[in-house]
Amino acid sequence: MNALRSPSPEEWISPRVARVRAESTSVKSLVLVDPDEGPLPVWEPGFHIDVEIAGGLIRQYSQCGDPQD
């Protein structure tokens with residue numbers, strides 16, 4: 001997948017939440033992993049991930065950390 005464009009629906013993935021950490025009372029960080037234990041797509045600082053939550057709502061979250069991690 002090209003990291004400089006939005007993926008098409010056919011390229012969407014459904015990662016699994018491996019860990020949740022409370023950074024503050026209103027901020028949580030999530031560690032996402034591929035459910036098949038493969039690598040996740042490459043990302044660059046400033047990229048976001050869309051998360052579908054209950055009721056079909058979409059929330060955008062910033063990706064941070066080491067893209068190679």
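**I49, V20 and D34 in an all-strand chain**

At 26% relative accessibility, I49 counts as partly exposed, since buried would mean under 20% and exposed over 50%. This value, like the others here, comes from a predicted model. I49 itself belongs to strand β3, which covers residues 48-52. Setting aside neighbours within four places in sequence, the contacts of I49 are L32, R59, Q60, Y61 and Q63. One of these partners, Q63, sits 14 residues away from I49 along the sequence, with a C-alpha to C-alpha distance of 6.8 Å.

As for the overall layout, the protein chain has 4 strands and 0 helices, so read from the N terminus the order of elements is simply β-β-β-β, with helices and strands taken as DSSP runs. The chain is 69 residues long, and just 4% of those residues count as buried. Its accessible surface adds up to about 6,100 Å², and carbon and sulfur atoms hold 52% of that. On the contact side, take the pairs with a separation of 6 or more: residues 24 or more positions apart make up 14% of them.

Part of that surface is a nonpolar patch built from V17, V20 and L30, which together offer about 240 Å² of accessible area. V20 is located in strand β1, residues 16-22. With a relative accessible area of 48%, V20 is partly exposed, and it therefore clears the bar of over 30% that patch members have to meet.

D34 tells another story. This residue is in the loop that links β2 (28-33) to β3. D34 is buried, yet it has no salt bridge. Which side chain of opposite charge is nearest to D34, and how far away is it? The nearest is R16, at 8.3 Å; a salt bridge would need the charged atoms within 4 Å, so this pair does not qualify. What the side chain of D34 does reach is the backbone nitrogen of D36, at 2.5 Å. That distance falls within the 3.5 Å limit for a polar contact. Once residues up to four places away in sequence are left out, D34 touches P39 and L40.

Taken side by side, the residues picked out here sit in these places: V20 in strand β1, D34 in the loop between β2 and β3, and I49 in strand β3. V20 and I49 are partly exposed, at 48% and 26%, whereas D34 is buried.

Note on methods
Residues are numbered from 1 along each chain as its sequence is written. This is a predicted model: local features need pLDDT of at least 70, side-chain atom pairs count only at pLDDT 80 or more; totals for chains, interfaces and linings use all residues. Side-chain values use heavy atoms; hydrogens and water are left out. Patches are made of residues with over 30% relative accessible area and no salt bridge: like charges are joined within 9 Å, nonpolar side chains (Val, Leu, Ile, Met, Phe, Trp, Tyr) within 5 Å. Accessible areas come from the Shrake-Rupley method with a 1.4 Å probe; for residues, only the protein chains shown count as cover. Helices (H or I, at least four residues) and strands (E, at least two) are DSSP runs, numbered from the N terminus. Buried means under 20% relative accessible area, exposed over 50%, partly exposed in between (1.4 Å probe, protein chains only). Contact means heavy atoms within 4.5 Å. Lys and Arg count as positive and Asp and Glu as negative; His and the chain ends are not counted. A polar contact is a pair of N or O atoms within 3.5 Å; within protein, one must be able to donate a hydrogen and the other to accept it, and residues adjacent in sequence count only if both atoms are side-chain atoms.
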